[in-house]
Structures are given as C-alpha cells and as structure tokens.
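Student: I have a structure to go through with you. Can we take it question by question?
Tutor: Yes. Put it up and we will begin.

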Amino acid sequence: MSSTGIVYRPRRLRATPGMRRLVAETRLHAADLVLPLFVKEGLTEPAPLASMPGQVQHTEDSLVEAVRAARDAGLGGVMLFGIPAAKDANGSQGDAADGILQRALRASRTVLDEVPAGTATPVLMADTCLDEFTDHGHCGVLTSTGAVDNDATLTRYASMAVAQAKAGADVISPSGMMDGQVATIRDALDDAGFADTSILAYSAKYASAYYGPFREAVDSELTGDRKTYQMDFANAREGLREADLDLAEGADMVMVKPAGSYLDVLRAVADRSDVPVAAYQVSGEYAMIEAAGANGWIDRDRAVMESVTSIKRAGADVILTYWALELADWLR
Ligand code: PBG
C-alpha cells in the first residue's frame with residue numbers, strides 16, 4: 001500500500017487535453033457521417049425548416065451545392081429525400097423516371113463523380129419509402145379499409161428501388177418497415193441488372209415522436225400514426241429479430257433508428273451483426289439540442305459532439321446526422 005492509501009488513480013489519464021486525446025476510445029471521422037438532404041420539386045429558393053434550424057428543403061440547384069459541400073468535406077455519404085409537387089394515393093412520383101428524387105439522384109451522381117479517378121467520394125443513398133410521395137402520408141399503399149397493405153407496398157418499393165438505382169444511387173434504403181422488403185428489393189435489383197447496388201435496411205425502426213420535425217421537412221400529410229408497421233419503443237428483442245430477418249434477406253447494412261433513445265438496441269445489434277451497422281440521429285434529436293442550445297440551456301456545440309460520439313461508442317459504424325457538415329468542419 002502506498003503512503004496515500006490510494007493505489008489506482010484513474011484521474012491521471014484525464015489530467016491534460018493531450019492525455020485525454022491519447023486515451024480516447026472513440027473518435028469520430030467525417031467518413032463515418034452521412035448527411036440527410038431534402039429536395040423539393042418546384043422550389044425556387046431553399047426553404048428553411050422552422051423546426052430544424054439550419055436545415056432547409058433544397059431546390060434542385062441548392063441540393064447540388066449541398067452535395068458538392070458534402071463531397072468536399074469528405075463525408076461518408078449523403079441520403080436524399082424527395083418531395084414531389086403533387087402527391088397521390090400510390091405515391092406515383094416515387095418511381096417516376098423524371099420524379100424529383102430520381103432527378104436529384106442523377107444530378108448528385110454527376111457532382112459526386114467529379115473527383116480524380118481512384119479517390120473516394122461520398123456514397124449516394126436514396127430513401128426508399130412512399131410516405132414522402134403519398135397524399136395520405138403512409139409509408140405504403142392502403143387497402144380499401146385504409147390499412148397499410150404490406151404486399152402491395154412491396155411491389156411499389158421494388159419499382160422505386162430500380163428507379164433509384166437507374167438514377168445512380170449506390171445504396172437503396174428501405175425505411176418503410178414492410179415485412180419482406182429487403183428480399184423483394186434485392187430480387188428486383190438483381191433482375192434489373194443492379195446486382196452491385198447495396199441495400200441499407202432500416203431494420204429496427206421505431207414508431208417515434210422524434211420524427212416530428214421530419215414531417216415538416218417532407219410536407220407530410222399524415223394523420224394518425226405508423227404503429228402497425230414501425231416498432232413499439234418498449235421492445236428491444238424484437239429489434240434484433242428484425243435485424244436478423246433483414247440480414248437473412250440480404251441486407252448489406254442494417255440500421256437502428258432513432259439513435260439516442262435506442263443506444264441499447266444499437267449496441268445489441270452491433271454485437272451480433274457481421275455487416276456494418278448504421279444509426280440515424282433523427283430530426284427530433286437534432287431539434288431538441290438546437291432548441292435547448294438556442295435558449296442557452298445547454299452548450300449546443302458540446303451537446304452535438306457528445307450525442308454523436310455516444311452513437312459511435314454504442315456501436316454505430318455509420319451515423320446519419322443533420323450535423324454532418326458542421327462536424328466534418330470541426331473534425332478537420
Ligand atoms: C420514412 C422516413 C422517416 C424518417 C426517415 N425516413 C419518417 C418516418 O418514418 O416517420 C425520419 C427521419 C427524421 O426524423 O429525421 N420515409
């Protein structure tokens with residue numbers, strides 16, 4: 001026993017900024033981060049989102065600028081969401097060759113590929129879901145009684161996936177939580193000659209209050225909720241089953257969403273997945289930190305860094321966050 005009586009002093013490793021940096025177990029890198037972007041048909045100026053300060057609905061031109069910024073910042077990827085000028089019951093703009101999302105993907109493909117041969121460029125991801133395109137706001141098509149029709153929706157997703165792949169998407173990202181969506185999309189992509197297009201499965205996606213601001217971002221018309229297809233926040237084991245099914249159906253990556261309230265699920269999925277695991281820090285998580293920061297109730301910048309680092313610490317290989325560009329700047 002030493003004269004102080006204290007043998008172990010963990011504080012030694014916290015004493016200086018240099019020591020803390022040396023022993024940090026988790027480091028963020030710009031390449032871990034994926035920036036979600038919204039593009040709206042017919043906009044002439046970017047439209048700021050009141051519930052997501054600092055984020056906008058992009059015009060087709062400003063989207064291209066944002067994708068270029070993501071490229072120049074060395075981000076790992078961009079995830080595109082399209083908002084059509086007109087919505088209908090089947091979400092017919094979702095798979096239209098000249099639909100807003102397909103146009104945005106084609107323009108993004110061009111910008112992302114403007115790099116010297118052999119250099120990494122951000123991976124181009126497309127949200128593969130109907131809710132941005134339907135007038136009722138659900139993630140699928142409806143039966144005559146208004147229920148979300150799983151198998152009829154799969155046909156729509158297959159068509160959307162092929163349209164997105166044709167438009168240049170590297171990654172198809174089914175986020176609608178229909179049973180069998182990964183297998184159906186894999187088959188459709190393979191049959192259409194897109195065997196090399198990847199699938200990022202939104203595997204454990206919860207029916208969450210934290211998607212609130214996103215509804216503004218995509219002009220969602222939803223009344224009611226998504227509880228018959230998105231998961232109950234009480235359940236963790238069920239999230240593992242969803243991830244296992246998606247892996248068995250051929251998912252190249254799996255996702256847990258939202259992130260911050262589901263770090264236990266994220267850790268559990270990461271522990272059993274042998275494919276990369278993504279987590280989506282969603283609109284409400286962003287809005288809460290922005291709002292509290294704007295009020296001076298928390299230190300916004302520190303909270304941003306803490307929240308995103310915690311998602312990586314919990315096991316995410318890939319993190320979707322609306323702060324991706326700002327973080328990349330800080331990390332430089
Ligand atoms: C579905 C989709 C949603 C989000 C991403 N993809 C909305 C929902 O499922 O209700 C939410 C993202 C966010 O809140 O940031 N297309």
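Student: Leaving aside neighbours within four places in sequence, which residues is L80 in contact with?
Tutor: This is a predicted model, and contact here rests on C-beta atoms within 7 Å. With close sequence neighbours left out, the partners of L80 include L37 and V39. The rest of the list is L101, A104, L105, S108, M125, A126 and D127.

Student: Which residues touch the most other members of the largest nonpolar core?
Tutor: That core has 96 residues. L80 is one of the residues that touch the most other members. The full set is V34, V78 and L80.

Student: Which element gives this core its largest share?
Tutor: Nonpolar side chains tend to be buried together in soluble globular proteins. Here the largest share of the core is eight residues. They come from α4.

Student: What does α4 pack against?
Tutor: Start with its buried residues: T153, L154, R156, Y157, A158, M160, A161, V162, A163, Q164 and A165. The buried residues of α4 pack against two helices and two strands, named here with their ranges. They are α3 (100-112), β5 (123-128), β6 (171-174) and α5 (181-191).

Student: What is the reach of α4 from its first C-alpha to its last?
Tutor: Helix α4 covers residues 150-166, which is 17 residues. At 1.5 Å a residue, 24 Å is expected. The model comes close to that, with a reach of 24 Å.

Student: Which residue just after α4 takes a positive phi?
Tutor: Look just past the end of the helix. The phi there is about 110 degrees. The residue is G168.

Student: How many residues does α9 have, and which of them are buried?
Tutor: α9 spans residues 283-294, giving 12 residues, and its reach of 16 Å is close to the 16 Å expected. What covers its buried residues includes α6 and α10 (300-313). The buried ones are S283, G284, E285, Y286, A287, I289 and E290.

Student: Which residue with a positive phi follows α9?
Tutor: Look past the end of α9. The phi is near 75 degrees. The residue is G296.

Student: How do the residues of the shell around the ligand divide?
Tutor: The ligand is surrounded by D127, C129, D131, E132, C139, S175, Y211, F214, R226, V282 and S283. D127 is also one of the contacts of L80, and S283 is among the buried residues of α9. By class, the shell divides into five nonpolar, two polar and four charged.

Student: Is M177 buried or exposed?
Tutor: M177 lies in the loop between β6 and α5. It is not a glycine, yet its phi is positive, about 60 degrees. Burial takes 20 or more C-beta neighbours. M177 has 25 inside 10 Å, so it counts as buried.

Student: And D219: how does its exposure class come out?
Tutor: D219 is another residue that is not a glycine but has a positive phi, about 50 degrees. It sits in the loop between α6 (212-217) and α7 (237-248). It has 15 other C-beta atoms within 10 Å, so it is partly exposed.

Student: Where is the cis peptide bond that involves P258?
Tutor: P258 is in the loop between β8 (253-257) and α8 (263-272). Omega is near -10 degrees. The bond runs from K257 to P258.

Student: Which residues is L28 in contact with, its neighbours within four places left aside?
Tutor: L28 lies in the loop between α1 (17-23) and β1 (33-40). It has 20 C-beta neighbours inside 10 Å, so it counts as buried. Its contacts are V308, T309, K312, L327 and L331.

Student: Is D196 buried or exposed?
Tutor: D196 is placed in the loop between α5 and β7 (198-205). Its C-alpha atom is 53 Å from that of Y8. With 9 C-beta neighbours inside 10 Å, D196 counts as exposed.

Student: What is the radius of gyration of the protein?
Tutor: The protein has 11 helices and 10 strands. For 332 residues the globule rule gives 20 Å. The protein is close to that, so it is as compact as a globular protein of that length; its radius of gyration is 21 Å.

Terms used. Residues numbered from 1 in each chain as written. Predicted model: local features only at pLDDT ≥ 70, side-chain atom pairs only at ≥ 80, totals over all residues. Helix = DSSP H or I, 4+ residues; strand = E, 2+ residues; numbered from the N terminus. Expected span 1.5 Å × (residues − 1). Buried ≥ 20, exposed ≤ 12 C-beta atoms within 10 Å, placed from the backbone. Near = placed C-beta within 6 Å. Nonpolar A, V, L, I, M, F, W, Y, C, P; charged D, E, K, R; others polar. Rg over C-alpha atoms; globule rule 2.2 N^0.38 Å. Core = buried A, V, L, I, M, F, W, Y, C linked by C-beta atoms within 7 Å.
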